[in-house]
Amino acid sequence: MRDTFLSFSPPAIGEEEIAEVVDTLRSDWITTGPKTRRFELAFRDYLGAPGALAVSSGTAALHTALVCLGIGQGDEVITSPLTFCSTVSAIEHTGARPVLADVEPDTLNLDPARVAEAVTPRTRAILPVHYGGHPCEMDALRDIAGRHDLQVIEDAAHALPARYQGRLIGATANPVAFSFYATKNLTTGEGGMLTGPPELIEQAQVVSLHGMNRDAWKRYDQGGSWYYEVVMPGFKYNMTDIQAALGLWQLKKLPAHQQRRREIVALYDQAFRDLEPLELPAVRPDVDHAWHLYPLRLRPGTLSIDRAEFIRQLTARNIGSSVHFIPIHLHPYFRDKYHYHPTDFPITLDAYNRLLTIPLHPRLTDQDVADVVDAVREIIGGAIR
Ligand SMILES: Cc1ncc(COP(=O)(O)O)c(C=O)c1O
């Protein structure tokens, strides 16, 4: 057994990021400024996105996008129950009603058939979440959106970089929200990016910074003007140059980090393929998976222990793990407000009861991976029916 605890998802920060942050701290500009701009442009070019705005979190990116599209009181937005709470809270904050539609059994992504059933005359948008980094069925979702004149806002918190039909998520002309939270494939500690068409990005700049029609950097820079106008009650969602300093290097390292994620996934696939109690993450044809998460599902009836005990035994063997996610409709706030029952979304509920996510990050050594594999095999060996 390992003698040190294997963290579930520590950040992969190197000396380059540290030096860049120090450079920012030694400069005269630490909040939104030249490095944030450079990061936005580099990110935009990397994805081939029409435009990009760096913000303080993935949640801020989602909220800003919804506000820019004019979504609010009386509107409905369809999204997944198997997501982090902030996807749904962002909808709540606009005053709109989040409407949940169940997921597909293999990818655990929003099921277009369930989305089509959930559309009402009040529906304004669909908000698919690329669960774990596997792209949603965007053609089918865009088709529904087209038929009902709906907006599509993607939650790509896990989907950097992922491809759907050869095209990077974020390269399309609709708003897409990325997260740079500490565990994500690219991290700025906290942070996020909104991609979308230039007009939307311009509007998002105003919405995300006090509703001001010019940003501070432009005001205080040489040749800038002291004058600005507030055109709406905006938010304080800007990214700082300290965060962007991290992002600039994290973006450069992303291809190498992704390569390591794919190697680890291949090792896990190989090691677990023959284990009857494990359902491995599905990959559909015509996608490139971002491999943010490696979620396993325990097959019902194959083990004498449940998921909670499985996790307890992993922890006892010094292996960190997690569960993605506690479904939205089971959380007291959403459950009570919208009178949900656990079985309202049966695929999500079934997945939740069996899901556990094992470590997947570029800092894992082959020995770490072997330790995870050994621990999983041992636990199964002791509990197989
Ligand atoms: C699916 C999903 N959406 C949105 C978010 C929110 O991102 P952030 O933490 O950057 O606000 C997260 C996680 O953090 C997430 O996992």
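Modeller: In this predicted model, Ala54 stands opposite Met193 in E10.

Colleague: What makes E1 and strand E10 a pair?

Modeller: The requirement is at least two bridges between two strands. E1 and strand E10 (residues 192-195) are joined by 4 bridges, and therefore they count as paired. The two strands run antiparallel.

Colleague: To which sheet does E1 belong, and in what order do the strands stand?

Modeller: The order is E1-E10-E9-E6, an open sheet of 4 strands with mixed pairing.

Colleague: Why are strand E1 and strand E6 said to stand at the edges?

Modeller: Strand E1 (52-55) and strand E6 (154-155) each have a single partner strand, so one side of each is left without a neighbour in the sheet.

Colleague: Which strands does H3 lie across?

Modeller: H3 lies across E1, E6, strand E9 (176-179) and E10. Its direction is at about 165 degrees to E9.

Colleague: How many strands form the sheet that contains E3, and what is the pairing?

Modeller: That open sheet has 4 strands in the order E3-E2-E4-E5, and the pairing is parallel. Strand E3 (97-100) and strand E5 (151-152) are called edge strands because each has a single partner strand, which leaves one side without a neighbour in the sheet.

Colleague: How do you know that strand E2 and E3 pair?

Modeller: The minimum is two bridges; strand E2 (residues 76-79) and E3 have 4, in the parallel sense, so the condition is met. Thr79, for example, has Leu100 in E3 as its bridge partner. On this sheet packs H4, which touches E2, E3 and strand E4 (123-127) and makes an angle of about 145 degrees with the direction of E3.

Colleague: What surrounds the ligand?

Modeller: The ligand has 16 residues around it, the closest being Gly58, Thr59, Asp155, His158 and Ser179. Helix H3 (58-68) and helix H4 (85-94) each contribute at least two residues to this shell. By class, the shell holds 5 nonpolar, 9 polar and 2 charged residues.

Colleague: Why is the approach of Thr59 to the ligand called a polar contact?

Modeller: An N or O atom in the side chain of Thr59 is 2.4 Å from an oxygen atom of the ligand. The cut-off for a pair of N or O atoms is 3.5 Å, so this pair qualifies. Asp155 has a polar side-chain atom 2.6 Å from a nitrogen atom of the ligand, and Lys184 has one 3.0 Å from an oxygen atom of the ligand.

Colleague: How much of the ligand does the protein bury?

Modeller: The ligand taken alone exposes 390 Å², and the protein buries 92% of that.

Definitions and conventions
Residues are numbered from 1 along each chain as its sequence is written. This is a predicted model: local features need pLDDT of at least 70, side-chain atom pairs count only at pLDDT 80 or more; totals for chains, interfaces and linings use all residues. Side-chain values use heavy atoms; hydrogens and water are left out. A residue is near a molecule or strand if one of its heavy atoms lies within 4 Å of it. A polar contact is a pair of N or O atoms within 3.5 Å; within protein, one must be able to donate a hydrogen and the other to accept it, and residues adjacent in sequence count only if both atoms are side-chain atoms. Accessible areas come from the Shrake-Rupley method with a 1.4 Å probe; for residues, only the protein chains shown count as cover. Ala, Val, Leu, Ile, Met, Phe, Trp, Tyr, Cys and Pro count as nonpolar, Asp, Glu, Lys and Arg as charged, and the others, Gly among them, as polar. Contact means heavy atoms within 4.5 Å. Axes are lines fitted to C-alpha atoms, for helices over the stretch in contact, and angles run from 0 to 180 degrees between N-to-C directions.
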